[in-house]
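Dear colleague,

Please find below the structure that I am handing over to you. My notes on what was found in it follow directly after.

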Amino acid sequence: MGLFDKVKGPVFLKEDSIAEIQLAALEELLPQAPAGMVPKIEKEIRNQRAGIAGEKQILFELKNSHIPMYVLHDLYLEYEGLNAQIDFLVITRRRNFVIECKNLYGNIEINNHGDFIRHMTYRGRNYSEKMYSPITQNERHLALIKQLRMAEKGNILTKTFLDKNFDVNYRSVIVIANSKTILNDKYAKKEIKNQVIPADRLVSYIKMVNSEKNAEDCFEKDMISLAEFFLNSHREQPDFVEKFKKQIMEMKENEQEAEEKIEEQRAVFADEVEKVTEKTNTDTEATGQILCPRCGAPMVRRTAAKGVNAGKEFYGCSRFPRCRGIVNIQD
């Protein structure tokens, strides 16, 4: 903008991310998880690692851009019950870029309806799945940013100016960070196609947008003022790892309750067997004949041939194998 501008390249006002902390927490939680929770946590660990790798790729591109800009990484904003987790907010002299990072496995197709479809190959089989649109995701981020900025403006004239020029000054960018991903946007609408780019085109994209005819320079003080506004608006993110901890605790409590119920049922069953055995022994003493407690047929004295009771005598139903009633012989 001017000869004496201090900002000659990218300045990172916020470079840290909560993702590394969340990944470490998940890896620590994994050995404690019940078998039913392990696949969910392992999937989340894979997603976190992919996200971190993708954001590092964007950080590399921005750091080596040589463009005067202020960068805020992993920004979490809230307004009137709504929230937005923004991967990167880049403030340049002419435009502000809201960047959503997608480090995806497989290839991405964008059809003429604006749907994002991921195609993958696993163990020789092809799979396709529809994704939640990152375009829609970023539109919500931009809407919240606009609400925050409008709330900050007290003057009706400045609010009107902001509202009129917001779509010109803020741009949504979806960056595909995985270099192996093939993007097929042949049938995508132009307004969608222009928002989705690979990571290695990010710097040239920012330069291209800033060279548009309707782009106007702003003062350096306005850049830093805007950057500080968003930095001060940043809030601590909710710890999503807590939901896994809660689920693990609930599963362990349910397992303990189930074990207690099984023990209760075993005790009741053992008590019933003891009562039946006592009754059968009483009837035997009175009649000299042992009857099956299940079907009432006469019982035969037998010897167990295998198992933990091998060699031990018992009374088995004469209708075996149709009836498997037994009576233990009291020592």
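A polar contact is here a pair of N or O atoms within 3.5 Å, one able to donate a hydrogen and the other to accept it. The model is a predicted one, and one such contact serves as the starting point.

A polar side-chain atom of Thr181 lies 3.1 Å from the backbone oxygen of Gly106. Thr181 belongs to the loop that runs between strand 8 (170–176) and strand 9 (183–184). Is Thr181 buried or exposed? Its relative accessibility is 12%, and Thr181 therefore counts as buried, the cut-off being under 20%. Leaving aside residues up to four places away in sequence, Thr181 touches Leu104, Gly106, Asn107, Ile108 and Ile176.

The sheet comes next. It is open and consists of six strands in the order 1-2-3-4-8-10, with mixed pairing. Strand 1 (10–14) and strand 10 (196–198) are the edge strands, each pairing on one side only. From one strand to the next, the twist averages 35 degrees. Within this sheet, strand 2 (residues 69–79) and strand 3 (residues 82–92) run antiparallel and are joined by 10 bridges; Leu75 has Ile86 of strand 3 as its bridge partner.

Strand 3 also pairs with strand 4, in the antiparallel sense and over four bridges. These two strands form a hairpin, with three residues between them, and Ile91 is partnered by Asn96 in strand 4. On its pairing with strand 8, strand 4 is parallel, with seven bridges; there Ile99 stands opposite Val173.

How many of the residues of strand 4 (residues 96–102) are buried? The count is seven of seven. Both faces are covered, with Asn96, Val98, Glu100 and Lys102 buried on one side and Phe97, Ile99 and Cys101 on the other.

Turning to the helices, helix 3 (residues 134–152) has 19 residues and spans 27 Å from its first C-alpha to its last, close to the 27 Å expected at 1.5 Å a residue. Its N-terminal end is capped by Ser133, a side-chain oxygen of which lies 3.2 Å from the backbone nitrogen of Ile135. Ile135 is itself among the buried residues of helix 3, which also include Asn138, His141, Leu144 and Arg149.

Finally, the charged pairs. Side chains of opposite charge can pair when their charged atoms come close. A search of the whole structure finds 15 salt bridges, and three of the pairs are set out here.

- Glu129 and Arg118 meet through their side chains at 2.6 Å, N to O. The pair links distant parts of the chain, with Glu129 in strand 7 (residues 125–131) and Arg118 in strand 6 (residues 116–122), 11 residues apart. Glu129 is partly exposed at a relative accessible area of 32%, whereas Arg118, at 16%, counts as buried.
- Lys245 and Glu242 form a salt bridge at 3.5 Å, N to O. Both lie in helix 8 (residues 241–287), three residues apart, about one turn of the helix. Lys245 is partly exposed at 35%, and Glu242 counts as partly exposed at 42%.
- Glu313 pairs with Arg301, the closest N and O atoms being 2.8 Å apart. Glu313 lies in strand 12 (residues 313–317) and Arg301 in strand 11 (residues 299–303), so the pair ties together parts 12 residues apart in sequence. Glu313 is partly exposed at 37%, and Arg301 counts as partly exposed at 46%.

In addition, salt bridges that share partners join Arg95, Arg171 and Glu212 into one network.

With kind regards

Definitions and conventions
Residues are numbered from 1 along each chain as its sequence is written. This is a predicted model: local features need pLDDT of at least 70, side-chain atom pairs count only at pLDDT 80 or more; totals for chains, interfaces and linings use all residues. Side-chain values use heavy atoms; hydrogens and water are left out. Buried means under 20% relative accessible area, exposed over 50%, partly exposed in between (1.4 Å probe, protein chains only). Contact means heavy atoms within 4.5 Å. Two strands pair if DSSP finds at least two bridges between them. Axes are lines fitted to C-alpha atoms, for helices over the stretch in contact, and angles run from 0 to 180 degrees between N-to-C directions. The expected span of a helix is 1.5 Å times one less than its number of residues. A salt bridge is a side-chain nitrogen of Lys or Arg within 4 Å of a carboxyl oxygen of Asp or Glu.
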